[in-house]
Amino acid sequence: MIFSDYYKQDYVFFISNQKLSASEQIDILYRKHGESFSKEDRWTIQEFLFLCESEQFLWDELSFKPNRFNFTTSGTFFKAHGEQGANALRTHLGYRPNTIIKDLYYDLRNLGIHIFRRRLSNSDISGLFINHPTAGKCVLVNYNEDVFRQNFTIAHEIGHSVFDSDNEINISFLNDGKDNNLIEIRANTFASNFLIPKEAIKNLNVSIWTEEIVTTLALQFKTNILPLLISLKEAKFINQTQYTAYSKIRIPSNQKEDPELALSDGKLKEAKRKLMERGLSSFYINKCFEGYTKGYISERRFAEMLLTNEFELPLILEMFSLKLDYGN
């Protein structure tokens, strides 16, 4: 039990070779990319897997019915796979062709994919996808990136979950796709078309392009400048000269609103942001609270699932206007 608590593993894993674990998959990852992960990052990934397993336990107990999405590719043109898959997912989620997504994380979590954001010390790592043997599809996004880059990363990793789940595990680096890796190019194409649908681009009524217009559009689509410029260039709205000029635009970080923190401000917003760094989103905390109020987990287990102790637990819940039941 001590080992189980310390290593964030189900105790059955330590006493039986029948218990499935993601450890073997992670060992393969480290053998291939071990130099990319610091000691701290390895522990972060261990806690990420624990959060995924905990969330799956809650989903099972609470009879959570995800809006699962499946897509079958046709042909051998990887960029076409990405575009078609993105359009199919947008349709599946009930978006109109030109809908701009407001809460990316909420919608994608409802697909039954475990999504957590944690700060990694290696800024070259954008995200990680693992097809967990018991929890299913899991995505880790590096919270060290700026908010709009995180939006692209989550869409990119969802692309891997759609097309590459047979690979069991995939790590995405900041410059993936620039070395003609078709799998990464497909995931990038998927992300771009999911966040910036061609239909929305086609409906733009712009006669003269300016830096202000490009910036406004990027803020509307909640993406950084380069993904937007690539879409505009492919749609032949701008030429190479304009692309080069506008690529120098930088959006101030204070203008990039995190959808999971949009309703908070001041000290509360900063406190929730720090929780987010630990992977503790409002979605996950509310699921844990629901499991607690329905008697599926104890107060101690509740604290463990939030990677904290019973003393800090009430303080965390207070941020979300939630309270423990002391039987009063």
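**A four-stranded sheet and two nonpolar cores**

Let me begin with the sheet, which is open and mixed in its pairing, with four strands in the order β1-β3-β2-β4; a strand here is a DSSP run of E of at least two residues, and a helix a run of H or I of at least four, numbered from the N terminus, while two strands pair if DSSP finds at least two bridges between them. Strands β1 (114-118) and β4 (169-173) are at the edges with a single partner strand each, so one side of each has no neighbour in the sheet.

I should say early that this is a predicted model, in which local features need pLDDT of at least 70 and side-chain atom pairs count only at pLDDT 80 or more, whereas totals for chains, interfaces and linings use all residues. Residues are numbered from 1 along each chain as its sequence is written, and side-chain values use heavy atoms, with hydrogens and water left out.

Within the sheet, β2 (residues 125-132) and β3 (residues 136-142) pair in the antiparallel sense over six bridges, and G127 has V141 in β3 as its bridge partner.

Turning to the interior, the largest nonpolar core (buried Ala, Val, Leu, Ile, Met, Phe, Trp, Tyr and Cys residues joined through side-chain atoms within 4.5 Å, where buried means under 20% relative accessible area with a 1.4 Å probe, protein chains only) has 45 residues. Helix α7 (residues 147-163) gives the most to this core, namely eight residues. Leaving aside neighbours within four places in sequence, I158 is in contact (heavy atoms within 4.5 Å) with residues including L89, L108 and V139.

How values were computed. Buried means under 20% relative accessible area, exposed over 50%, partly exposed in between (1.4 Å probe, protein chains only).
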